[in-house]
Amino acid sequence: MGQIPQNVSINCPLEICPCQSTRTLFVEAFLQNNRLDHVSQVMGYHPSYLDNFLKTQNFILRGDGPLPYDYRHYIAIMAAGRHQCSYLIQLQKQEFLVQGGDQSWLKGLHCIPQKLRNLYDINKILAHRPWLLNKSHIEKLTKGKDSWSLAEVVHAIVILTHFHSLCSFVFPCGVNQELDQAGGYRYPETLQMLNNPGGNSVAAATGVSKKSSDPKDIPIPNDTRPTAGKILNGGRLNNFINKIGVADWTSGRTQNQSPPSPTEPEVGISTLMQRMKTLSEQTQECTPVELAKRFENVETQSAELGAVGPEPQGTPADIGIFIEDTQFIYQDFAKRDEHQSIPTFRVQDYSWDDHAYSLVNRLYNDVGNLLDDKFKTAYNLTYYTMGGRTDVDTSRFRRAIWNYIQCLLGIRHDDYDYGEINQLLEKSLKTFIKSACCYPECVTKKDYLKVLREFKHSEKVHVNLMVLEARMQAELLYALRTVNRYMTN
Ligand SMILES: CC(C)C[C@H](N)C(=O)O
């Protein structure tokens, strides 16, 4: 993608009062998912994006497509398993059963049909080291016994990449378990808090890290259960959202950020704006060789960032059954095995706009159009704000974030000067982005609070949306280029 067009989107500081478009989308989310799930609530900060997200998710799980419905949800479970995302696994288990899925499959991978199991290699590779995918993986699936049609493979790939990258939103935003999931409901400390969870505090805003006791022992107050009546009654929707107030670790807080810690100074918004201005005034063109060198610099430096926080404490048994080979995790692209001589993925040779989009559209019912809208919305989303400032052209900052995410996965946009990344994204932000993209299960609330301190929570959610979408696009680029190579050779 080249220059970012200056699209204007609806500004919706949901914190207090969801605007009408968000309200309508929440109704849609509720009707689609039989609940107003926390992911939709958090994405509701950005209604134009939520709209695209819901349409796409609904289509790949419930719309026309080659895969049976139970397969689709099981594939989603397998994908979420790669990041041990019990939130998504639990939701998709429910959906699987609603679709009449065979209960015994939920005992684990050893109980599923061979055809589904055969997908596991692609799942693993796409999630962590998509550059390793090659024709032989597609060939193995599409030939012989229990074989997949190419359309089925592509449908599966879209579901896998959707759920891998959704983990990169769920964890870094601190999306909490749903109220009816294990650990999803905590007693309010006082009755007053239930009525006004944002009124006091952090206690109301947290939840993901503190596991409560077994929800079976805890009565869920009637008025916090989502019901169609409540959702559809717009007048009470705000009330409903405010009472729940536990969608993520940003909820229940005002838009103020924690004060900067004196030990870890952060480049403030004014400096950032100054740097963007300087960059926009620079007229000197770089040679292609210099541009390539700058990309490699950023890539090599990223390999030095200790992005992994504390290891998650083992794999809980109820999700371990959906995971194989937990040791296979992200490896820095710069440190990929040299003997395999895997080159950088150059977008000028295979891009979303010119290649992947039409291939995926052709093989799987026009899904490319939905994905294209979603990518474009995420890439172009802007309110021209930065923290408290207005009328700011943020395109350079956003492009740096997007391209950095894809750089972590070995993708290079030839027309981009990666030197800008080092000017605009400081180390702590790069570390956060790397964790969110590559090890989302390790991101803690502390990590979330430490970065972008002068920015609003809705802006941090915005950054996480970009992580989700840039990652998904990167995985799809690798996958579809491989499918194309398989088809043309
Ligand atoms: C991620 C944020 C810095 C985006 C910014 N608030 C904008 O409207 O473009």
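A residue is near a molecule if one of its heavy atoms lies within 4 Å of it. This is a predicted model, in which local features need pLDDT of at least 70, side-chain atom pairs count only at pLDDT 80 or more, and totals for chains, interfaces and linings use all residues. Residues are numbered from 1 along each chain as its sequence is written, and side-chain values use heavy atoms, with hydrogens and water left out.

**Exercise 1. List the residues around the ligand and sort them by class.**

Step 1. Apply the cut-off. The shell holds Thr382, Tyr383, Tyr384, Thr385, Thr394, Phe397, Arg398, Phe455, Glu459, His462 and Val463.

Step 2. Sort them. Ala, Val, Leu, Ile, Met, Phe, Trp, Tyr, Cys and Pro count as nonpolar, Asp, Glu, Lys and Arg as charged, and the others, Gly among them, as polar. The shell divides into five nonpolar, four polar and two charged residues.

**Exercise 2. Find polar contacts of the ligand, then its cover and the elements around it.**

Step 1. Look for pairs of N or O atoms within 3.5 Å. A ligand nitrogen is 2.6 Å from an N or O atom in the side chain of glutamate 459. A ligand oxygen is 2.5 Å from a side-chain N or O atom of threonine 394. At tyrosine 384 the partner is a polar backbone atom, 3.2 Å from a ligand oxygen.

Step 2. Compute the cover (Shrake-Rupley method, 1.4 Å probe). On its own the ligand has 280 Å² of accessible area, and the protein covers 100% of this.

Step 3. Assign elements, with helices as DSSP runs (H or I, at least four residues). Two or more shell residues come from each of α20 (395-408) and α24 (457-488). The largest share, three residues, belongs to α24.

**Exercise 3. Characterise the aromatic pair of tyrosine 71 and tryptophan 105.**

Step 1. Count first. Rings of Phe, Tyr and Trp (its six-membered ring) pair if their centres lie within 6.5 Å; planes under 30 degrees apart are stacked, over 60 edge-to-face, the rest tilted. The whole structure yields 19 aromatic pairs.

Step 2. Read the geometry. The centres of tyrosine 71 and tryptophan 105 are 5.9 Å apart, with 70° between the planes: edge-to-face.

Step 3. Place the partners. Tyrosine 71 sits in α4 (residues 69-81), and tryptophan 105 in the loop between α5 (86-98) and α6 (114-117), 34 residues apart.

**Exercise 4. State the confidence of the model.**

Step 1. Average the pLDDT (per-residue confidence, from 0 to 100). The protein averages 83, and 78% of residues score at least 70.

Step 2. Locate weak stretches. Residues 1-16 have pLDDT below 50, as do residues 191-245. Where pLDDT is low, the predicted coordinates should not be read in detail.

Step 3. Check the complex. The predictor gives an ipTM of 0.98 and a pTM of 0.85.

Conventions:
Polar contact = N/O pair within 3.5 Å; in protein donor to acceptor, adjacent residues only side chain to side chain. pLDDT = per-residue confidence, 0-100. Contact = heavy atoms within 4.5 Å.
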